[in-house]
Amino acid sequence: MEETAEPPARFSKKIQYMALISTCFIAFGDSVEVVLPSVITQPVSCQLNVTPTQEHVLALAMYFTFALCLVISGKLSDMVGRRILILLSMYLAIAVTVFCAVVPNFKSLLASRILLGVVISLNLGNVGVYFTEIAGSKKFYLVGMTLSVTAYTLGGGWCGLLGYFFLEKIGWRYFVLITSVPLFLPPLILFQFFLPESHPIHAEPKEKEEATERTLLQIAADAEVQTDPTLKWRVVRRMSKLCLYTFAHGFPYYGAILLVPSLVREENKRNSSVSPCAAIHGSQFLIITVLLGLCHLIGRGLSFLAQGRVRSGTILVVCGFVSLGALVLANFVQENVVLVFTMIGIVQVFGAASVTDLALMTTEKAFFTSRYLSMASSVRGCVMTLSIAFGNMLAEVLPSDIALIVHAVFWAISIPLAIALLFKD
């Protein structure tokens, strides 16, 4: 296919770069909020008398609330605007964080986690769509997507790093405030005073469609599909494939990360010098967190370099086989903790590459109108979150050796689903 000239961008470079900065800050902050409970689990449990079962409920409450709210988040942003919802979520995020820092008991803490799930669904669920509509070219979109998911990856490592140095010194309440609130201030200021609405909510329906399509066509690889009268059913078929793959892939990818805190807690229990109410972050956890963050960066970078050189979907298949091999090998070397973590690192590298390619496929292949773009992003995010919740549940209730076997099985299931995505709908 001959390349055609890209249509002029609807937004200036200044606006695009400010949107990129805001997207990265929001992704970073949301990652900190998600990882934070794992960092402060032990001190919170001891101070508020939280049982292991209640700890599990806290984690699942946030994930399930996030997943359910994502379903309506996209449609809501179509009605009131992306910028308004993202701005509202910034104010709510700060308020919920302050509330979390002063909770007196488990019920209040549970309420704060449920509210946090609503907040993250509003900002993380819409900021990606906002940036997609702001982006002026496919290259800038790819760069922005890579940087934002990298920021999300680094958020967990940053939270662990601060926990290692400051948690026991300042207490978990002050720790919650200093790790979260400052991260939401820069995007709040940018969205409040500088960034415009990306979606023309006050325009006529036809004008809305045309405005969004002009932006998406700069990202799309095969733009002629927008005139296909069977587009609706093609979207349904592709979305079904994407959702099935997202769950089968997301569970072992994120579930492997969730095994790390469990393994560290088991190691600390065997170490009699560690206080039962101390934070789980020892030197091993800090090193592992940083290394996993580097694995994510490598995976995102590999996927970015492969775009345009390798057919979309091929990355999913290749990464699936490599990750499956790493998980199978991890089951045979369970007595060697270093080798197990090495295999988990390999899973993170190729899993991160798969996530990047999957996000691009969602935007690029079938969703060329505003009503499909927000729907696709919301549904895929919902399914991914449910897979994370499932992984979190198994990480808590299953021994690590059994959990590794379950992860390998799910990754094996994801491979034929990835192959199915290679074929036209």
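Is Asn-49 buried or exposed? In this predicted model, Asn-49 is exposed, because its relative accessible area is 62% and the cut-off for that label is over 50%. Its place is in the loop that runs between helix H2 (41–48) and helix H3 (52–80). There's something else to look at in the backbone here: phi of Asn-49 is near 55°, a positive value, and the residue isn't a glycine.

Now zoom out from that loop to the whole fold. The protein chain has 14 helices and 0 strands, so if you walk from the N terminus you read α again and again, through to the end of the list. Of its 425 residues, 58% count as buried. The surface that the chain exposes comes to about 18,200 Å², and carbon and sulfur atoms supply 70% of that area. As for how the chain meets itself, take the contacts between residues at least 6 apart in sequence: 88% of them join residues at least 24 apart.

Ser-378 gives a good picture of such long-range pairing. You'll find this serine in helix H13 (residues 370–397). Its C-alpha atom is separated by 8.8 Å from that of Ala-67, although the two positions lie 311 residues apart along the chain. Leaving out residues up to four places away in sequence, Ser-378 touches Leu-70, Val-71, Ser-73 and Gly-74. Ser-378 counts as buried because its relative accessible area is 1%, and the label needs a value under 20%.

Another serine worth a stop is Ser-31, which sits in helix H1. With a relative accessible area of 3%, Ser-31 is buried too, since that value falls under 20%. Which residues does it meet from elsewhere in the sequence? Not counting neighbours within four places, Ser-31 is in contact with Tyr-152, Gly-155 and Gly-156.

Helix H1 (13–39) also takes us to a hole in the protein. There are 2 cavities of 30 Å³ or more, and the second largest holds about 50 Å³ of space. Helix H1, helix H4 (82–101) and helix H5 (106–134) each supply at least two residues of the lining of this second largest cavity. Going round the wall, you pass Glu-33, Leu-36, Val-96, Thr-97, Cys-100, Ser-112, Arg-113, Leu-116 and Val-176. That lining is a mix: 5 nonpolar residues, 2 polar and 2 charged.

One of those lining residues, Cys-100, is a handy way into the cysteines. Cys-100 has a relative accessible area of 8%, so it counts as buried under the 20% cut-off. Cys-24 gets the same label, because 17% relative accessibility is also under 20%. How many disulfides does the structure hold? The count is 0.

Let's finish towards the C-terminal end of the numbering, at Ala-420. This alanine is found in helix H14 (residues 400–421). Its relative accessibility is 25%, which means that Ala-420 is partly exposed, as the value lies between the 20% and 50% cut-offs. Here again the fold brings together positions that are far from each other in sequence: Ala-420 and Leu-242 are 178 residues apart along the chain, and 9.6 Å separates their C-alpha atoms.

How values were computed:
Residues are numbered from 1 along each chain as its sequence is written. This is a predicted model: local features need pLDDT of at least 70, side-chain atom pairs count only at pLDDT 80 or more; totals for chains, interfaces and linings use all residues. Side-chain values use heavy atoms; hydrogens and water are left out. Helices (H or I, at least four residues) and strands (E, at least two) are DSSP runs, numbered from the N terminus. Buried means under 20% relative accessible area, exposed over 50%, partly exposed in between (1.4 Å probe, protein chains only). Contact means heavy atoms within 4.5 Å. Accessible areas come from the Shrake-Rupley method with a 1.4 Å probe; for residues, only the protein chains shown count as cover. On a 1 Å grid over the protein atoms alone, a cavity is a set of points where a 1.4 Å probe fits but cannot get out, and a pocket is an open set with protein on both sides within 12 Å along at least five of seven lines; lining residues have an atom within 4 Å of a point. Grid points are joined across faces, edges and corners, and a volume is the space filled by probe spheres set on the points. Ala, Val, Leu, Ile, Met, Phe, Trp, Tyr, Cys and Pro count as nonpolar, Asp, Glu, Lys and Arg as charged, and the others, Gly among them, as polar. A disulfide is a pair of cysteine sulfur atoms within 2.5 Å.
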